[in-house]
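Here are some short exercises to work through with the structure open beside you. Try each task on your own, then follow the solution step by step.

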Amino acid sequence: MPAPCHGLRVIDFTQSYPGALATMVLADAGAEVIKVERPGGDPTRRHYAWVMWHRGKQSVVLDLKTPEGAAQGKALATTADVVIESFRPGVAERLGVGYAALAKGNPGLVYCGISGFGAKGPWAKLKGYEHLVQAISGRFDGYYGVAEKDGPLYAAQPLGSYAAAMLAVQGMLAALRVRRRTGEGQRVDVSLLQAITCYDLNQFVAWQILERMGTPVRRGYTGPVPPYMTVRTKDGYWLQMANLTPNLLWNFLHQIGLEEMLSDPRFATMPTFKNPEDEIAALRMIWPKMLHKTRDEWMRIFMENDIAGEPFRTTQEGLLHDQAVHNGNVIEREDPRVGRTKQLGVIGKLSATPLTPGKPAPNAGEHTRAVLEGPAGMRHMPQGGKGKLPNHPLEGVTVLELASYIATPFATALLADMGARVIKIEPLTGDLYRTSFPRMGKTLQGKEAIALDLKEPRAQEIMHKLIAKADILLHNYRPGVPERLGIGYETARKINPRLIYVYAGAYGSNGPHMTRAGFHPIAGAITGGPRLELGPLYPDPKQPMTLAEIEKTAEMLRRSNEPNPDPVTALATTAAVMLALYARETTGEGQYVELSMLGGNLYAHADDAVWYAGKPERAQPDAGLNGVRALYRMYRAKEDGWVFVACETEQEWRAFAGAAGLAQLTEDARFHAAAARAQHDAALVEAVAKAMTARTAEEWQARMASHDAPCVAVSPQDMGKLYNTAAWLKDAGYWVETSHPSLGGSYWRYGPAVQFSKTPGTAGPMNYLGEHTRPVLRELGYSEGQIGEMAQAGMIVCHEAAKGLQ
């Protein structure tokens with residue numbers, strides 16, 4: 001069967017990383033992607049990863065600022081199924097390629113806009129660069145405590161851009177599904193500011209709960225300390241551990257020769273601890289033991305004995321991980337300009353409609369004549385059905401979730417936000433994330449919750465009835481478990497051939513690491529997030545360390561590996577699910593879908609997950625974790641505030657310098673051009689730092705905005721508090737009111753991260769364990785007597801019997 005997006009035409013007007021990555025996914029999925037570039041080439045071509053980002057696309061050069069170019073761009077859009085752009089609000093309209101103008105000639109058009117700060121609110125006109133968004137949103141506060149600094153810390157990984165790309169893919173496919181049924185297109189909007197809320201797993205709700213209680217929220221990432229410990233080996237390398245469950249942690253202690261800890265009353269509740277003193281006591285027993293063997297010796301033991309641990313790698317080293325190569329997460333391709341490359345494979349494996357990377361990235365304008373003058377330029381306008389518009393994009397889609405912790409459950413939460421009915425099937429004791437973080441489960445919201453003991457035949461019978469009615473099933477069990485529970489793919493496919501069956505595990509369903517456990521720090525360590533975040537602060541393995549230095553460094557490394565790998569995986573999973581769901585619209589058939597935390601997190605490093613001879617090195621943060629260069633970093637302002645400067649072009653440098661009172665520096669030979677500025681970066685840092693102390697951060701932001709210069713105030717609070725207190729974000733749909741008894745009634749939660757003009761998303765509440773067991777079973781035909789009998793026999797849990805497990 002053809003690829004999921006075969007037959008779709010996408011006109012790509014974007015000029016930034018999120019758009020490039022989103023359309024790369026669509027091109028891999030078979031779409032005809034026509035990249036519209038300005039004269040001189042798209043700005044993304046200045047980035048060394050462009051050879052990967054633009055694979056499989058055609059390139060057309062148009063000057064949209066001229067009447068002829070605007071007319072050609074508009075004409076192209078009339079033949080498109082999808083248009084995607086990344087202009088600031090109002091720019092597309094001025095260029096004649098705004099949604100309203102294009103939809104008049106193409107009512108079935110799906111039009112996706114990716115912006116930095118959205119179309120509404122006081123920040124809408126700001127430059128939409130990644131770290132301006134991170135700075136102003138409070139995202140930097142997530143790294144509080146990583147290093148000793150009297151001020152915020154730079155969050156190096158471009159996670160807002162990655163999230164926006166994945167959300168754009170999801171939104172476009174959801175809107176295309178609606179169009180296929182109704183014939184109507186619509187506008188889809190994604191902003192980096194809203195996309196970045198995906199990484200706040202509990203702070204938004206935590207602020208509300210703890211402020212009611214009068215209890216302060218802890219800043220920065222803490223996490224379960226001993227299970228997520230970092231350890232130094234005999235040869236000076238560092239390992240990230242993630243033995244979060246009791247059996248994993250006990251096995252780890254046995255293998256390192258610390259069985260006595262299991263009988264020590266201080267550690268009786270491991271992997272959780274009753275007080276911090278016991279936590280540090282456990283760590284101080286473990287750290288010396290890990291110095292007895294080398295990195296490779298420990299990894300052999302971990303592989304043979306089901307212990308969750310991996311060395312810290314750079315992204316370039318992550319491309320060489322044997323499981324990533326086995327999975328096809330990394331592939332080799334020849335490029336006519338740079339030669340042999342290693343680059344990302346496709347985002348997920350779809351068994352019936354596989355994705356395939358297309359031809360090498362084109363040269364700028366390579367296809368201009370062929371597209372504008374050839375038969376492809378006269379392509380007919382897209383058509384669709386005549387059905388009624390649904391209330392929500394995924395209305396009528398039923399999803400079964402059999403997953404725990406964060407990554408896969410958050411993927412189904414994203415589907416729920418687009419209107420899918422998600423039924424979460426939990427064990428009788430509940431999802432372990434529910435029991436660890438009661439009342440703060442972002443991964444639980446918008447779902448119906450039922451509890452079954454799937455080891456019981458009658459509970460498996462219930463599952464089979466659910467499968468018969470479902471559209472999608474997602475699980476994150478380790479290989480072999482679904483078959484033992486009677487819900488393996490072959491069984492499910494026989495029950496429902498239209499079912500999309502998704503496995504989203506840690507490493508993959510086969511290969512050298514297939515049976516190993518993995519939690520978010522493992523994926524982070526493999527793919528390079530902590531190494532990027534710490535830059536020059538990452539410890540040199542050749543440098544000797546005392547135990548006191550090991551203790552301090554271990555805490556720095558642990559905090560640097562914050563929880564983003566879970567939502568990163570969820571975003572990739574949801575994109576792959578939407579590709580399979582759209583494919584079913586054309587084929588009528590279900591299929592098996594697979595992806596992993598490993599693969600998803602390599603995608604989150606798509607700015608560096610490419611290799612070729614002569615590839616430039618990735619920009620590293622400075623030793624103060626302020627940023628990467630003089631014109632892309634933080635500075636202290638007056639009254640202890642901080643600003644972030646992000647000048648990417650000569651025009652922006654001149655605008656910033658003029659607003660900052662540094663106009664004379666633009667004529668200084670040391671700073672006049674980019675190459676000279678790079679050679680004299682330290683001197684430019686000194687000059688800008690001095691200038692920034694003249695005003696407060698808020699004063700600088702207002703002044704810079706009036707000069708259209710890219711500089712914003714760094715938020716002094718974390719994302720949770722900012723989004724709780726900025727009222728305009730509510731009006732823009734960034735947070736919405738809902739209600740559930742577990743949170744004391746009414747509370748606020750983040751709104752759906754993708755906005756649809758005609759079929760908006762929905763924002764459901766939390767749930768109790770087993771809250772919907774009874775109504776779901778009644779829907780399947782079970783009587784009250786049968787339900788009561790199964791509850792009495794311990795095969796199911798209904799909410800009224802789940803006290804203490806809520």
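**Exercise 1. Work out in which sense β4 and strand β5 pair, and over how many bridges.**

Solution. Keep in mind that this is a predicted model.
- Step 1: Find strand β5 at residues 110-115. Its pairing with β4 is in the parallel sense, over 4 bridges.
- Step 2: Pick out one bridge: Val82 has Val110 in β5 as its bridge partner.
- Step 3: Recall the general idea: strands of a sheet pair through backbone hydrogen bonds, either parallel or antiparallel.
- Step 4: Now place the pair in its sheet, an open one of 7 strands in the order β3-β2-β1-β4-β5-β6-β26, with mixed pairing. At the edges stand β3 (57-61) and β26 (755-756); each has a single partner strand, so one side of each lacks a neighbour in the sheet.

**Exercise 2. Find which residues of helix α3 are buried and what covers them.**

Solution.
- Step 1: Go to residues 67-77, where the buried residues of α3 are Gly69, Ala70, Gly73, Leu76 and Ala77.
- Step 2: Look down the helix axis. These buried residues fall within an arc of 125°, so they line one face of α3.
- Step 3: Turn to the other side of α3, where Pro67 and Glu68 are exposed.
- Step 4: Search for the cover over the buried residues, which includes β1 (9-12), β2 (32-37), β4 (82-85), α5 (99-105) and α15 (368-373).

**Exercise 3. Decide whether the two faces of strand β15 are covered or open, and find the partners of the strand.**

Solution.
- Step 1: Count along residues 447-452: 6 of the 6 residues of β15 are buried.
- Step 2: Separate the faces. Lys447, Ala449 and Ala451 lie on one side, Glu448, Ile450 and Leu452 on the other, and all are buried, so both faces are covered.
- Step 3: Take the first partner, strand β14 (residues 421-426), which runs parallel to β15 and is joined to it by 5 bridges. Here Ile423 stands opposite Glu448.
- Step 4: Take another partner, strand β27 (residues 796-797), which pairs with β15 in the antiparallel sense over 2 bridges. Leu452 has Ile796 in β27 as its bridge partner.

**Exercise 4. How many residues of helix α16 are buried?**

Solution.
- Step 1: Check residues 407-417 and you will find 11 of the 11 buried. Among them are Phe410, Leu414, Leu415 and Asp417.
- Step 2: Continue just past the end of α16 to Gly419, which takes a positive phi of about 105°.

**Exercise 5. Explore the nonpolar cores, starting with the residues that touch the most other members of the largest one.**

Solution.
- Step 1: The largest core has 176 residues, and Tyr162, Phe252, Ile286, Phe302 and Phe644 touch the most other members. Helix α7 (residues 159-182) gives the largest share, 14 residues.
- Step 2: Zoom in on Phe302. Apart from neighbours within four places in sequence, Phe302 is in contact with Leu239, Met241, Phe252, Met290, Ile307, Gly309 and Arg516.
- Step 3: Look for a second, separate core of 32 residues, including Leu402, Leu466, Ile796 and Cys798.

**Exercise 6. Put the whole protein in view: why is it described as compact?**

Solution.
- Step 1: The protein has 33 helices and 27 strands.
- Step 2: Compare radii. The radius of gyration is 26 Å, close to the 28 Å that the globule rule gives for 806 residues, so the protein is as compact as a globular protein of that length.
- Step 3: Finish with burial: buried residues make up 61% of the 806 residues.

Conventions: Residues numbered from 1 in each chain as written. Predicted model: local features only at pLDDT ≥ 70, side-chain atom pairs only at ≥ 80, totals over all residues. Heavy atoms only, no water. Buried < 20%, exposed > 50% of the residue type's maximum accessible area, 1.4 Å probe, protein only. Arc of directions from axis to C-beta. Contact = heavy atoms within 4.5 Å. Core = buried A, V, L, I, M, F, W, Y, C linked by side-chain atoms within 4.5 Å. Rg over C-alpha atoms; globule rule 2.2 N^0.38 Å. Pairing = 2+ DSSP bridges.
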